[in-house]
Amino acid sequence: MIPYGRHLHHDAVPGVAALEVSDLTVAYPDGRTALREVTLRVPAGQRLALVGPNGAGKSTLLKAVAGLLNPAAGRVRIYGQPVGHCRHRVAYLAQKGEVDWRFPISVRRLVLTGRYVHLGWLRRPRPADRRIAEDVMQRLGIAHLADRQIGALSGGQQQRVLLARALAQEAELLLLDEPTTAVDVDTRQVLTGVLDELQSLGRTLVVATHDHARRDAQYNQIVYLREGCQVHLSPERPSDPPPAHSLEHNHAHPA
Ligand code: ADP
Ligand code: MG
């Protein structure tokens, strides 16, 4: 993701959904169409689960919303704006297997990269950014690993680091690709606790997940994908009323 400065920041269109995806079709350069005419809408503060077997298109959908893949057809709107107009509002957590864990970077530095979108090119993290990174590492139980290289971590620790990076961004819309898949019990508990907390803070979550037990209870909507097609959309379950300190309309941009 390319960091960008405040000058490219566009305000949210008042009253619109956090995410609107209309007839989205995405193809890879080899010609394979990985997603066909998917439509969904996530009001601010809601949690949506993307479910489906391997190869269904979950990751492709999240990447298109994150601006990492261009649609072949259809449209994505984030707070009413095209992808890329409000990048600091959107945090993307890649599927763990897609990250190059041999990359030589410490846990602390990787978590700090979550702040870059607020800084622009070549601007150094400020003390406030460092504090936020320390706080999220603490919250995720990885503060003691801050100086470790990311390649020297267990799978569960790596998953915590990815979520810490996403949290450090303080985004309103979080795109999380299998954040709790194949982790140890402790890590799962910590991660799901953080997801619940985010929702109670009014954040919007789109989560590719295999977690059957929790997804029925915790999600407002479930989108089922198979071979790139949307096969079913669960009825929308209203969430609790948004808290008074909802982040949607008065996000203070810290740049
Ligand atoms: P899921 O996350 O649900 O497992 P993906 O979005 O990763 O599904 O994949 C959807 C389809 O796109 C699959 O058929 C997969 O093989 C294909 N695909 C994924 N990444 C690429 C790529 N970089 N190039 C070509 N095809 C890809
Ligand atoms: Mg995937």
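**Entry 1: terms and model**

Helices (H or I, at least four residues) and strands (E, at least two) are DSSP runs, numbered from the N terminus. I am working on a predicted model, in which local features need pLDDT of at least 70 and side-chain atom pairs count only at pLDDT 80 or more, while totals for chains, interfaces and linings use all residues. Residues are numbered from 1 along each chain as written, chains are lettered from A and ligands numbered from 1 in written order, and side-chain values use heavy atoms, without hydrogens or water.

**Entry 2: the magnesium ion**

I looked up which protein atoms are donors of the magnesium ion, ligand 2. They are OG of Ser 59 and OE1 of Gln 95, and they lie 2.0 to 2.3 Å from the ion. Donors here are N, O and S atoms within 2.8 Å of the metal (3.2 Å for Na, K and Ca), and the site may look incomplete because water is not among the atoms.

I then checked where the two donors sit along the chain. Ser 59 belongs to helix H1, residues 58-66. Gln 95 is in the loop between strand E6 (90-93) and helix H2 (107-112). The two are 36 residues apart, so I note the pair as a link between distant parts of the chain.

Are the donors buried or exposed? Ser 59 is buried, at 14% relative accessible area, and Gln 95 is partly exposed at 23%. (Buried is under 20% relative accessible area, exposed over 50%, partly exposed in between, with a 1.4 Å probe and protein chains only.)

**Entry 3: ligand 1**

I listed the residues around ligand 1, those with a heavy atom within 4 Å of it. An early stretch gives Tyr 28, Asp 30, Arg 32 and Ala 34. The rest of the list is Pro 53, Asn 54, Gly 55, Ala 56, Gly 57, Lys 58, Ser 59 and Thr 60. Helix H1 gives the largest share of this shell, with three residues.

Next I looked for polar contacts, meaning pairs of N or O atoms within 3.5 Å. Three side chains came up in my search. Thr 60 has a polar side-chain atom 2.5 Å from an oxygen atom of ligand 1. For Ser 59 the corresponding distance to an oxygen atom of ligand 1 is 2.8 Å. An N or O atom in the side chain of Arg 32 is 3.2 Å from an oxygen atom of ligand 1. I marked Ser 59 twice, as a donor of the magnesium ion and as a residue in polar contact with ligand 1.

**Entry 4: the nonpolar core**

How many residues does the largest nonpolar core have? I read 38. (Such a core is a set of buried Ala, Val, Leu, Ile, Met, Phe, Trp, Tyr and Cys residues joined through side-chain atoms within 4.5 Å.) Val 107, Val 111, Leu 140, Ile 142 and Leu 163 have the most contacts inside it.

I went through the elements that supply at least two residues each. The strands are E3 (47-51), E6, E7 (173-177) and E8 (204-208). The helices are H2, H3 (127-139), H4 (155-168) and H5 (185-200). Helix H4 supplies the largest share, seven residues.

**Entry 5: positive phi**

I checked two glutamates for backbone angle. Glu 178 has a phi near 50°, which is positive in a residue other than glycine. Glu 178 stands in the loop between E7 and H5 and is buried, at 7% relative accessibility.

Glu 227 also has a positive phi, near 50°. Glu 227 is in the loop between strand E9 (221-226) and strand E10 (229-233). Unlike Glu 178, which is buried, Glu 227 is exposed at 66%.

**Entry 6: pairs distant in sequence**

I looked up a few C-alpha distances.

- Val 38, in strand E2 (residues 33-42), is buried at 0%; Val 38 is 5.9 Å from Gln 230, with their positions 192 residues apart in sequence.
- Ala 49, in strand E3, is buried at 0%; its C-alpha is 9.1 Å from that of His 210, 161 residues apart along the chain.
- Gln 138, in helix H3, is exposed at 59%; Gln 138 and Ala 164 are 26 residues apart in sequence and 9.2 Å apart in space.
- Gly 45, in the loop between E2 and E3, is buried at 14%; Gly 45 and Ala 17 are 28 residues apart along the chain, and their C-alpha atoms are 9.3 Å apart.

Methods
A polar contact is a pair of N or O atoms within 3.5 Å; within protein, one must be able to donate a hydrogen and the other to accept it, and residues adjacent in sequence count only if both atoms are side-chain atoms.
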